[in-house]
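Hi there,

Here is the structure I promised to send over. Have a look at it first, and then read on for my notes on its cysteines and its surface.

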Amino acid sequence: METQAPAEDSYDKLVEEKRAREKEIDAWLPITSSRNAKWWYSAFHNVTAMVGAGVLSLPYAMAQLGWGPGVVILILSWIITLYTLWQMVEMHEMVPGKRFDRYHELGQHAFGEKLGLYIVVPQQLIVEVGVCIVYMVTGGKSLKKFHDLVCKDCKSIKLTYFIMIFASVHFVLSHLPNFNSISGVSLAAAVMSLSYSTIAWSASAAKGVKENVEYGYKAKSTAGTVFNFFSALGEVAFAYAGHNVVLEIQATIPSTPEKPSKGPMWKGVVVAYIVVALCYFPVALVGYWMFGNSVDDNILETLEKPAWLIATANMFVVIHVIGSYQIYAMPVFDMMETLLVKKMNFRPSWYLRFVVRNFYVAATMFVGMTFPFFGGLLAFFGGFAFAPTTYFLPCVMWLAIYKPRRYSLSWWTNWICIAFGVCLMVLSPIGGLRTIIIQAKDYKFYS
């Protein structure tokens, strides 16, 4: 009997050591290292994540959709995505004593260890890496526009160099360790998003309705109209992409059984969604009303004057996109660092982080410089990954975990959201791919 006790002791010791190591790793990883966020952190992180550069392409999307379908799809998207966001906030702590700090952990709980990873991780990575690449292009384009407006007599500089200038900021900022440490950047970004959205619609309104404005579809053929419609669906889906980082944001809020994190998180989400409505609806509706179907895929490009105001708005876009890039990059850093430290047994250290994060920024910069056709990429990615992770994956998880009674209100609501999301997922990449093909004909690499 006596030999058994030391064996048990050594086993307990091993378990303790393993727990201690996991605690140490969690205290180092970006998502779980800091849990002292306030509810307003959730508000501006969500605004920064949600109101992307996508808001500036909404009038263009409206021109492809037309008044009736456009307004319906905008409002439906706002309601459905708010509902699915509420589901994710609720599911964050549905197992007592456990928190699903990452989207894929919730997926593993809903679909099983292996399947959950295979379903969620590829989609989440497409969204987050896709957004980072698109923001590299957006940041570069807005910097170029600012430069061209402020300095009309200067020598023209290639877009490629502006993307490099924009990326240089991220080689510094990406070394901030976790979500709470980027809250200042995120707050600035959230304020900027409201500012440039207000400039976009108020400057449009001040210009007044364009002479001979047309609201009919721009494409001459029926096929062109249909494809443009599909493409616009993707642009709307892209405008609501914050779900990919919502569990990671909630993970930073402290939680106790008496005061779970879903309270402050939901408060922040509601504030964020009011700001989203104040940004999206005026820009989409006023922009389309003033310019009709002659609006560009970025409303700031349609507004040529007053030059100082449009230059300011472009600078605001740059500051906002800096914050958004960081918010979407953080979960990717977390995945890469988790893989290296937990699976490949690297030691958690600053130089591991230094190499990983610089590599990621350089990779997104390189891809952004190589493929800067913006609108088509938005619609293409928007359909593939934004629609599932935003519109219907939370509903599928909800059905899998809570199993609501068949034909009950919850059952019907979730299935309607799933149907809407699947339509978006199937249709918008078709339009987006066609746009890319059309634009790629007269396109030169590293222009």
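Which hand does the link of C151 and C154 have? It is right-handed, with 50 degrees about the S-S bond. Please keep in mind that this is a predicted model.

Some background on that link: a disulfide is a covalent bond between the sulfur atoms of two cysteines. Searching the whole structure turned up one disulfide, and it is the one that joins C151 to C154, with an S to S distance of 1.5 Å. As for how open its two ends are, C151 is partly exposed at a relative accessible area of 25%, and C154 is also partly exposed, at 35%.

Then there are the cysteines C395 and C132. For C395, the closest cysteine sulfur belongs to C417. The two sulfurs are 4.2 Å apart, which is too far for a bond, because a disulfide needs the pair to be within 2.5 Å. C395 is buried, with 0% relative accessibility. C132 is buried too, and its relative accessible area is likewise 0%.

On the surface, you will find a nonpolar patch of about 320 Å², made by L194, V270, I274 and L278. Helix α11, which covers residues 262–291, supplies the largest share of this patch, namely three residues. If you want a place to start looking, try I274: this patch member lies in helix α11 and is partly exposed, with a relative accessible area of 49%.

Happy to chat about any of this whenever suits you.

Best wishes

Methods
Residues are numbered from 1 along each chain as its sequence is written. This is a predicted model: local features need pLDDT of at least 70, side-chain atom pairs count only at pLDDT 80 or more; totals for chains, interfaces and linings use all residues. Side-chain values use heavy atoms; hydrogens and water are left out. Buried means under 20% relative accessible area, exposed over 50%, partly exposed in between (1.4 Å probe, protein chains only). Patches are made of residues with over 30% relative accessible area and no salt bridge: like charges are joined within 9 Å, nonpolar side chains (Val, Leu, Ile, Met, Phe, Trp, Tyr) within 5 Å. Accessible areas come from the Shrake-Rupley method with a 1.4 Å probe; for residues, only the protein chains shown count as cover. A salt bridge is a side-chain nitrogen of Lys or Arg within 4 Å of a carboxyl oxygen of Asp or Glu. Helices (H or I, at least four residues) and strands (E, at least two) are DSSP runs, numbered from the N terminus.
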